[in-house]
Structure formats: C-alpha cells, structure tokens
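Q: Please take me slowly through one part of this structure, the start of the chain and what packs around it, and then set that part within the whole. I am in my first year, so please explain each step of the reasoning as you go.

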Amino acid sequence: MKGIVFTGEAAEVLTGLEVRDPGPGEVIVRIAAAGVCHSDVTAAAGAFGWPAPAVLGHEGAGVVEQIGTGVTNVEVGDHVIISTLAACGMCKACGSGMPTRCYKTLGNMAQPFTLNGDPCWNFAAASVFTERTIVRDIQAVKIPKDVPLTSACLVGCGVMTGAGAVLYRSSVQVGDTAVVYGCGGVGLNAIQALRVRRASRIIAIDTEPQKEALARQFGATDFLDGKSPDIVEQVRALVPYPVNGELAGPFNAGGVNWVYDVVGHPAVTSNALEMLDWGGTVVIIGTPGGDAKFELPYQRFTQCERSVIGCRAGSYSPHRDIPQIVELYRRGEFMLDELVSATYPMEKFHDVVHDMHSGSIARGVLTFD
Ligand SMILES: [Zn+2]
Ligand SMILES: [Zn+2]
C-alpha cells in the first residue's frame, strides 16, 4: 500500500508499505481522510528527531477493517475517529480522566509497518497518512455514520487541541472575556468552544488579515491585527478597567479573563500576560519547540493572581469528549465542515503544506480512496 513516509530528510509518497495483523486489543482502520497538522510538517522536516522511515499523520478517521482478540468497543465496519492518546487506562492520570498526563502517551514508538519488507516506524501512535493503520482499541472512538469522515478526521487533533483548551483545561464562565492569539485550525476551535461556553467577548488576533472572516464565522466578536505594536492597548480598549473606562486600573487591572496562546512565541506570551485582568489565565497551547524561554514579572502573579498554564492536546479524554463534540456538530452547534478548506489526494501532500504556510487554509484534508 501507499503512504506518506518520513525518510529522514523529507516526506515522500511511497509504495511498498504493509501493516501487520492486529494483536490482542488492537484495531486495523482503513483510513478515509486525514488532516495535515503542523506537527506532521515539523516531523517531516526532521525537527522532532523521529526515527526513519516512519509513516506520518496523526489526525484521521476511517472504517474498522479488522479487530484483534478482546476488542469490544468497535466492530468491523464501524466509523471511527483516531486519537493519538494510546493511554494505559490504569494509572492515576487515566483514572482521573486526564489521559494527556498518562506517561504512556508520549514517546511511544513501534514498528508495525514494513517498507519493502524492512521494519518501518509509526508516528504519534497513529500513522494515518496511509491506506490502513493499526491502533489500540482505546484510540478508536466510534462515531455515527452520518458524520462525513473528511470533517470527522480533524477532531482527533486540531479540534480537540483548540476546543479542549477551553472546555477541559479552563473553567470559562458564562459572560467571561477571552483572547485567542492565532486563528489557524486550532485557534478557530478555541474560538468556537468559547462561543459554546457563552463567553461575552471573544477577541481573535492574527497576523494574517484574511483570517478575520473565518474567525468571525466561528464566533469571534472582534478581530485585531497581531502585527500592531500596541496590541495590548487595543485589547484593553475593548475590555477596559471597568470602574472608569481607562485602559488599565491599579496594578494593571482591566483586560480579559482568558488568553489562549496558540502561537507559542515569547513576545506573544508576554503580551498575553499583559492582556489579563486580575485573576486571569494564559493557556499556552502553541510551542516554538526546543528550549525556548520567556520572562515573567513576579508582580503580575502575586499581586493580582494571574496564572500561566500549559495545555497538551486540549487535555481531552477521547471516549468521554469526542462523542460530545460530534453530538454538538450533529445539532448544528459546533462547526467541523467549515474547517475543511480543501481536500487533496495523498499525492498532493506538499501542496497542502504550501497552502498552510501561505495562510490560505484553515485545514487541508488528505483523502485515501
Ligand atoms: Zn496535531
Ligand atoms: Zn495511564
């Protein structure tokens, strides 16, 4: 079979792939559609140091083709969304409903594929950029068959990373105010989750002006240009110190309750902290990778109880949260179809990457007919 393989230097569409039969508790999924996430592009550039050859892709959906012994949550023919969280299901984190903190969910690598007969690695425990992949049963979440798989495929990473930061990592109250810094495939989902949570002000920030229409479609009440040098003041002008309408009150009072930093850049995180009202929280979702650092003024924390917290993969729990998002979608309260800017055959992977970098798409989806 065919797949997009990290060769050690780049990503290439190669033939000659095979996947092994499922063992106990494992599921073979025929992939119908897969979203291209920035992590795939980072891996393809060799920045993760992932071993090669490896079958890329970690955001996908498809149809169960084969199940191993002991699998009870899905049957052959079921439609499933694949989660990268190959959680153990038994540790303290898993038992607390927080599988993103399960030690088994990071760095698990295996070689369930062969490439021309030689062992070939998986990626992010998912490898959805191929016709058939193998996952653990805990990673396969059954969904109704009326949900288009080209939309469903985005849920496993991009949707949950953005929406989950709002729904599961934060405690947004009705009427709260928020900034979403970065309006790509992840940021748009933070925006629509804030709409679901009935935030009163959802301020979207991006350096690409063409993102404004999409951001507003997903629920943003305001859009600001991230390149503006006075971006903090612009946010504060929208949400001023409430007593007298000044941009900032005592000890920098005024500003929003939440900032979702989808970018992950020291300048953005510093701005985010200055946009917060007393008691507000910056949720860091994006990462520049490596050992990048930023500086924080102590005063903002101890005098006015601001916080900075991290969020991995939306802090979601696949079998609890994916069905909820899918149900909101079926009720028309959560947009998935609108996230799919274009579909491409697998061979056009490099076109998707190009379109991602030009900022012209929310999410590009590969199909595997
Ligand atoms: Zn991803
Ligand atoms: Zn665990």
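A: One definition is needed before anything else: a residue is called buried if 20 or more other C-beta atoms lie within 10 Å of its own, exposed if there are 12 or fewer, and partly exposed in between. Please also keep in mind that this is a predicted model.

The cut-offs can be tried out on two residues. Glu 305 has 12 other C-beta atoms within 10 Å, and therefore counts as exposed, whereas Ser 315 has 23 of them within 10 Å and is therefore buried. Both have a positive phi of about 50 degrees although neither is a glycine. In general, most residues other than glycine have a negative phi, and most peptide bonds are trans. As for their places, Glu 305 belongs to the loop between α9 (298–302) and β17 (307–310), and Ser 315 to the loop between β17 and α10 (318–330).

With those words in hand, we can turn to the start of the chain and to strand β1. Gly 3 and Val 5 point one way from β1, while Ile 4 and Phe 6 point the other way, and all of them are buried. This is a pattern that can be put in general terms: in a regular strand the side chains alternate between the two faces of the sheet.

β1 is joined to two other strands. Four bridges link β1 to β2, and these two strands run antiparallel; within this pairing, Gly 3 has Leu 14 of β2 as its bridge partner. The two strands form a hairpin with four residues between them, and Gly 8, which is in the turn, has a positive phi of about 110 degrees. A further two bridges link β1 to β5, again with an antiparallel run, and here Val 5 has Val 55 of β5 as its bridge partner. The loop that lies between α1 and β5 (54–55) holds Pro 53, and the peptide bond leading from Ala 52 to Pro 53 is cis, with omega near -5 degrees.

What else is packed around this part? Helix α11, which covers residues 349–357, has Phe 349, Val 352 and Met 356 as its buried residues. Seen down the axis of α11, these buried residues fall within an arc of 60 degrees, so they line one face of the helix. The general reason is that an α-helix has 3.6 residues a turn, so residues three or four places apart point the same way. What covers the buried residues of α11 includes β1 (3–6) and β2 (11–14), along with α1 (38–44), β18 (340–345) and β19 (363–367). The hairpin strands are thus among the elements that cover the buried residues of this helix. After α11 comes Gly 359, whose phi is positive, near 75 degrees.

Moving on along the chain from the hairpin, we come to β3, which belongs to an open sheet of three strands in the order β3-β8-β9, with antiparallel pairing. β3 (17–19) and β9 (118–120) stand at the edges, each with a single partner strand, so one side of each is left without a neighbour in the sheet. From one strand to the next the twist averages 35 degrees. Three bridges join β3 to β8 (residues 113–115), and these strands run antiparallel; Val 19 stands opposite Phe 113 in β8.

Finally, we can set this part within the whole. The protein chain has eleven helices and 19 strands. Its radius of gyration is 21 Å, close to the 21 Å that the globule rule gives for 369 residues, so the chain is as compact as a globular protein of that length. Along its principal axes the C-alpha trace spans about 70 × 40 × 35 Å, and 50% of the 369 residues count as buried. Among contacts between residues at least 6 apart in sequence, 68% join residues at least 24 apart.

The chain is divided into domain 1 (3–159 + 315–367) and domain 2 (170–310). The C-alpha centres of the two domains lie 30 Å apart, and twelve residues of domain 1 are in contact with 13 residues of domain 2.

Conventions
Residues are numbered from 1 along each chain as its sequence is written. Chains are lettered from A and ligands numbered from 1 in the order in which they are written. This is a predicted model: local features need pLDDT of at least 70, side-chain atom pairs count only at pLDDT 80 or more; totals for chains, interfaces and linings use all residues. Two strands pair if DSSP finds at least two bridges between them. Axes are lines fitted to C-alpha atoms, for helices over the stretch in contact, and angles run from 0 to 180 degrees between N-to-C directions. The arc is that of the directions from the helix axis to the C-beta atoms. Two residues are in contact if their C-beta atoms, placed from the backbone, lie within 7 Å. The radius of gyration is taken over C-alpha atoms; the globule rule is 2.2 Å times the number of residues to the power 0.38. Domain bounds come from an automatic or database domain assignment.
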